[in-house]
Amino acid sequence: MPLFEYTCEKCHADFELLLYGQEQPVCPDCGGRKLAKRFSVPAAHVSSGNLPLAPGGGCGRPQCGSGGCQGM
């Protein structure tokens, strides 16, 4: 079930819709059917730990250097 982003050409509302099968999108504000599909940025869960991710793949601690974390 993909999530799509649209802009309504009638009322200019921006919104997201979860579409099932061949369902046709409709503006939730005005009911308009003339919609422009927007580019969306995919999101993903990247960490479940308490430490923020740092560039280079380490946890950000000095002992990690540029790779394997020594502090965990």
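Okay, let's start with the surface: the accessible surface of this protein comes to about 5,800 Å², and 54% of that belongs to carbon and sulfur atoms. One thing to keep in mind throughout is that we're looking at a predicted model.

So what's in it? The protein has zero helices and three strands, and if you read along the sequence you get the pattern β-β-β. Of its 72 residues, 19% count as buried. As for contacts, take those between residues at least 6 apart in sequence: 25% of them join residues at least 24 apart.

Now, the sheet. In what order do the three strands sit in the sheet? The order is β2-β1-β3, in an open sheet with antiparallel pairing. That puts β2, residues 14-18, and β3, residues 35-37, at the edges, each pairing on one side only. From one strand to the next, the twist averages 40°.

Let's zoom in on β1 and β2. Strand β1 covers residues 3-8, and its antiparallel pairing with β2 runs over five bridges. If you want to find the register on screen, Leu-3 has Leu-18 in β2 as its bridge partner, and Glu-5 stands opposite Glu-16 in β2. The hairpin these two strands make has five residues between the strands, and His-12 there takes a positive phi near 65°.

Next, look at β2 face by face. Generally speaking, side chains in a regular strand alternate between the two faces of the sheet. Here, Phe-15 and Leu-17 make up the covered face of β2, while Asp-14, Glu-16 and Leu-18 are on the uncovered one.

And that brings us to the core. In soluble globular proteins, nonpolar side chains tend to be buried together. Which residues form the largest nonpolar core here? There are eight of them: Tyr-6, Cys-8, Ala-13, Phe-15, Leu-17, Leu-19, Cys-27 and Leu-35. β1 and β2 each supply at least two residues of this core. Phe-15 and Leu-17, by the way, are the pair we just saw on the covered face of β2.

Let me go back to Glu-5 for a moment, which has its place in strand β1. Is Glu-5 buried or exposed? Glu-5 counts as buried, because its relative accessibility is 17% and the cut-off for buried is under 20%. And what does Glu-5 touch, leaving aside residues up to four places away in sequence? Its contacts are Phe-15 and Glu-16, plus Ala-36, Lys-37, Arg-38, Phe-39 and Ser-40.

Last stop, the cysteines. How many disulfides does the structure hold? Zero. Take Cys-11: it is in no disulfide, and the nearest cysteine sulfur, that of Cys-27, is 3.7 Å away. Cys-27 is in no disulfide either, with the sulfur of Cys-11 as its nearest cysteine sulfur. A disulfide needs the two sulfur atoms within 2.5 Å, so this pair is not counted as one. As for exposure, Cys-11 is partly exposed, with a relative accessible area of 31%, whereas Cys-27 counts as buried at 3% relative accessibility. Cys-27 is also one of the core residues I listed a minute ago.

That's my tour, so over to you for questions.

How values were computed
Residues numbered from 1 in each chain as written. Predicted model: local features only at pLDDT ≥ 70, side-chain atom pairs only at ≥ 80, totals over all residues. Heavy atoms only, no water. Pairing = 2+ DSSP bridges. Helix = DSSP H or I, 4+ residues; strand = E, 2+ residues; numbered from the N terminus. Axes fitted to C-alpha atoms, helices over the stretch in contact; angles between N-to-C directions. Buried < 20%, exposed > 50% of the residue type's maximum accessible area, 1.4 Å probe, protein only. Contact = heavy atoms within 4.5 Å. Core = buried A, V, L, I, M, F, W, Y, C linked by side-chain atoms within 4.5 Å. Areas by Shrake-Rupley, 256 points an atom, 1.4 Å probe, with all protein chains shown as cover.
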